[in-house]
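User: I have a model open beside its sequence, and I would like to know what stands behind the words used to describe it. Could you take me through them?

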Amino acid sequence: MNYPNLYIVGAPKAGTTSLYHYLSQHPDIAIPDKEPRFFIKETIQSVSDKDPIKPYLLRSSILDEIAYTNLYAKKNEKIKCDASTQYLYHHNEVIPKIKQLKDGKSPKILIILRNPIQRAFSNYSHNYLTFEKLDFKHALEKEKYRISKGFNSFWYYKGLSTYADSVKAYIDAFQQVKVIFFEDFVNDIDKSLVDIFDFLEVDNSFKVSHFMINKKSTGAPKSKKINTFLQSSSKFSFFKKILHNTIGEQKTKLIRELIMRKNLSKSKISLDESLKSNLESYFVEDIAQLKKILPQHNIGWLNNGTNS
C-alpha cells in the first residue's frame with residue numbers, strides 16, 4: 001500500500017495552510033488532500049454529536065485505509081505528503097500507527113509552531129466566524145468542559161498551543177524531524193521555503209507563486225450563517241464541486257473569499273491585554289520545556305509576542 005513519506009503534523013493556525021499551498025506548487029511534492037486525518041480515525045469517530053464541527057470532520061476526513069492509500073497510489077512525485085494539523089496534539093495516537101506501517105520507509109516530519117497565545121487566539125477567531133458563541137475569555141474557561149464532553153481538539157485553544165510534549169514525542173520517534181516557526185516563516189517566506197526544500201531533498205531553486213495565499217478574510221462576520229454555509233455546509237460542498245468542474249478550483253476559491261470579505265463587519269475582535277498576560281503565565285513552563293528540547297532555536301515568544 002502507498003503511504004506518505006512526509007507528514008506536516010501541525011500546529012493548526014500556525015501557517016500550515018499557506019505552507020500547504022506553497023509546497024503543493026512544487027513539481028516534486030504531492031499533497032492530494034490537505035487534512036485527511038486518517039491516523040486519528042478513532043478520535044474523529046468518537047467526537048461527541050454535541051460538537052457542531054463533527055459533521056464537517058466526518059465529511060472532509062478520509063478514514064478508510066484503502067481510500068487513504070489511493071490518494072497516493074498514482075502519485076509519482078518524490079514527496080507524498082499528509083498535512084493533517086491535529087496530528088501534533090494527538091501524537092500518542094498518531095506516532096505508533098505511522099511507526100507500524102510495513103512500507104519499510106522512515107518518513108520526514110515537518111512541524112510549524114507559532115507564539116502559543118497568538119495561535120490560540122487565531123484558533124478562537126477562526127471558530128468565532130462560525131460556531132463559537134463565547135468571547136475569548138469565556139471560551140478559554142469552557143475548554144475543560146468541552147474536552148470532558150468529547151468535543152474535537154480544534155476547540156482546545158490552550159491545548160493545541162501546548163507544544164513541548166508533542167514535539168519531543170516526534171523527535172524521539174523519528175530520525176528526520178524539522179521544526180520551523182511561523183514568525184520566521186512569514187518574515188521571509190522564500191528563504192524559509194528554500195530551507196524546507198533542502199530538508200525534503202527537492203529542487204530548492206523552484207519559485208512559488210504567492211497569489212491568493214495568506215489572504216484570508218479576518219474580523220467579525222455580519223452573518224455567521226453565511227460563513228458557516230461557506231466553510232462547513234454539505235450544501236456548499238455540492239455547489240463547490242459544480243464550480244470546480246465549470247470555472248476551476250482557483251476561481252471557486254476566489255469567489256468564496258470575496259463573498260466572505262463582503263460579509264465582514266467593520267468591528268474587529270481583539271485580544272485583551274490582561275487576558276494575554278494570564279496566558280503568558282499559563283504557557284511559560286511549556287515554553288521553557290520547549291527551549292530545552294530545541295536548544296538550537298532562540299524562542300522569544302514572551303518578548304512582545306514574537307519569536308526573536
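Analyst: Happy to! Let's start with a term: a residue is called buried when its relative accessible area is under 20%. This is a predicted model, and in strand 4 K108, L110 and I112 point one way while I109, I111 and L113 point the other way, all of them buried.

User: Why do the side chains of a strand point in two directions?

Analyst: Because side chains in a regular strand alternate between the two faces of the sheet. Strand 4 shows both sets, with K108 in one and I109 in the other.

User: What makes strand 4 "mostly covered"?

Analyst: The count of buried residues does: strand 4 spans residues 108-113, and 6 of its 6 residues are buried.

User: How do you know that strand 4 pairs with strand 1?

Analyst: Pairing asks for at least two bridges between the strands. Strand 1 (residues 6-10) and strand 4 have 4 bridges, so they pair, and they run parallel. L6 stands opposite K108 there.

User: And what makes strand 5 a partner of strand 4?

Analyst: The bridge count again: strand 5 (residues 176-181) is joined to strand 4 by 6 bridges, in the parallel sense. Here I111 of strand 4 stands opposite V179.

User: Why is S161 called buried?

Analyst: Its relative accessible area is 1%, and the cut-off is under 20%, so S161 counts as buried. S161 sits in the loop between helix 8 (143-148) and helix 9 (164-173).

User: What makes the link between S161 and R119 a polar contact?

Analyst: The limit is 3.5 Å between N or O atoms, one able to donate a hydrogen and the other to accept it. The side chains of S161 and R119 are joined at 2.6 Å, so the distance falls within that limit. Leaving out residues up to four places away in sequence, S161 touches P116, R119, A120, F283 and D286.

User: Which residues lie nearest the centre of the second largest pocket?

Analyst: They are I180, D184, F185, S192 and D195, from a lining of 13 residues. Strand 5, helix 10 (182-187) and helix 11 (189-200) each give two or more residues to that lining. The space in this pocket is about 260 Å³.

User: Finally, how much of the whole chain is buried?

Analyst: Buried residues make up 50% of the 308 residues. The chain has 15 helices and 5 strands, and it exposes about 15,600 Å², with carbon and sulfur atoms supplying 52% of that area.

How values were computed. Residues numbered from 1 in each chain as written. Predicted model: local features only at pLDDT ≥ 70, side-chain atom pairs only at ≥ 80, totals over all residues. Heavy atoms only, no water. Buried < 20%, exposed > 50% of the residue type's maximum accessible area, 1.4 Å probe, protein only. Areas by Shrake-Rupley, 256 points an atom, 1.4 Å probe, with all protein chains shown as cover. Contact = heavy atoms within 4.5 Å. 1 Å grid on protein atoms, 1.4 Å probe; cavity = no way out; pocket = protein on both sides within 12 Å on 5 of 7 lines; lining within 4 Å. Points joined across faces, edges and corners; volume = space filled by probe spheres on them.
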